[in-house]
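Colleague: Could you show me how to read a few features of a model? I would like the general idea and then the case at hand.

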Number of protein chains: 2
Amino acid sequence: MDLYTDNYFMSEALSLAHRAAEAGEIPVGAVVVCKQRIIARAFNQTELLHDVTAHAEILAITTASEYLGAKYLQDCTLYVTLEPCVMCAGALYWAQLGRVVYAASDDKRGFSRLGKSVLHPKTVLDSGIMEEESRQLLLNFFRRLRT
Amino acid sequence: MDLYTDNYFMSEALSLAHRAAEAGEIPVGAVVVCKQRIIARAFNQTELLHDVTAHAEILAITTASEYLGAKYLQDCTLYVTLEPCVMCAGALYWAQLGRVVYAASDDKRGFSRLGKSVLHPKTVLDSGIMEEESRQLLLNFFRRLRT
C-alpha cells in the first residue's frame, strides 16, 4: 500500500493551515514534495511578517529552492489547501513546478478566473483533494473573526 | 522647480537596474516612494538568491512594508523599469499600491496581457517614463549574454 498519496501530502498541508489559524492567520498551508519527500513546509504569515507576499505558496517554494540550491522545481509537486491567487500562480510559473495540487477553490481571488495560462505550460494541475476539510477550516476561521 | 518628478524617481530605479546588470542579473530596478521620499530600493536578485520570487518589485514592496510596519501601501508609488509580470502585479494588488509607474513594456510576460484587472481597482497606472533607456539596458544585457 502506498503511503505517499495525494491525500497524505494534502493532510500535511492542512495541518499547517491549522497552525496558521491558531496564529491568527488566514488558514492556508502548503508543502513541496520532491521524490516523495517533503522538502518545504509553510503556512500563510502575512500578518506576522506585515508582508502581503508571505503567502504559504511563496514561502514554500522559496524554502524549497533554498533547500535544493536551484531556482526551478520541475521535479516537485506543490500541495496547497486553497487555490493559489494570481501572485502565487505567477510565482509557480517562474518556478516551473512539475505539478500543483490544491484543495478548495477560491472563486474570488483564485488564479483560474484568468485561465490556466497563468501557470507554466508543463505544470500538471489537480484540485479537489480534501476540498471539504480545507473549506470548513476557512469558513470557521472567518466565522470566528466576525463574532 | 519640482525636483521630485516621475523622471527623477525612474532614474533612481534605472540606476538600480544598472547595478543588477553589473551583478549578472536581468536588469530591472524598482523604488517605492512615499511622500516624495524613497523608502525602498531594490533590483532583481533571482540568480544571487536562487529564488524566482526575488524580482525587484517583490523585494521593494517587502522592504517598504517592513519600513512602514504596514502591509498596505495605498500612499506609495512604485517605480519600476520594466512592466511587472503576473506574479508582481498580483503582489501589487495585495499591497494596494496607490500608483504604479513602469518604464518599458514587456509584451511576453507583462501582466497587462491579462487585463488591468490584475491590479487593485484603486491603483493608478502609468507607463512609458524613460522607456527607451530601460529597453536599451535590457537589450544590451541580453545581447552580451548571447555573445
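Modeller: Let us take the symmetry, one helix and the cysteines in turn. This is a predicted model, where local features need pLDDT of at least 70, side-chain atom pairs count only at pLDDT 80 or more, and totals for chains, interfaces and linings use all residues. Residues are numbered from 1 along each chain as its sequence is written, chains are lettered from A and ligands numbered from 1 in the order in which they are written, and side-chain values use heavy atoms, without hydrogens and water.

Colleague: How many degrees of turn lay chain B on chain A?

Modeller: Copies are superposed by least squares on the C-alpha atoms of residues with pLDDT of at least 70 in both. Here a turn of 180° with a shift of 0.0 Å along the axis does it, at an RMSD of 0.0 Å. That is the relation of a two-fold axis. B:Met87 is the residue of chain B that comes closest to the rotation axis, its C-alpha at 2.0 Å.

Colleague: Which residues of α5(A) are buried?

Modeller: Buried means under 20% relative accessible area (exposed is over 50%, partly exposed in between; 1.4 Å probe, protein chains only). In α5(A) they are A:Ser134, A:Leu137, A:Leu138 and A:Phe141. They lie on the same side of α5(A), because they cover an arc of only 95° around the axis, taken from the directions from the helix axis to the C-beta atoms.

Colleague: And how many disulfides are there over all chains?

Modeller: A disulfide is a covalent bond between the sulfur atoms of two cysteines. With the rule of two cysteine sulfur atoms within 2.5 Å, the count is 0 over all chains. The sulfur of B:Cys85 has its closest cysteine sulfur in B:Cys88, at 3.9 Å, too far for a bond. B:Cys85 is buried at 6% relative accessible area, and B:Cys88 is buried at 0%.

Definitions and conventions
Helix = DSSP H or I, 4+ residues; strand = E, 2+ residues; numbered from the N terminus.
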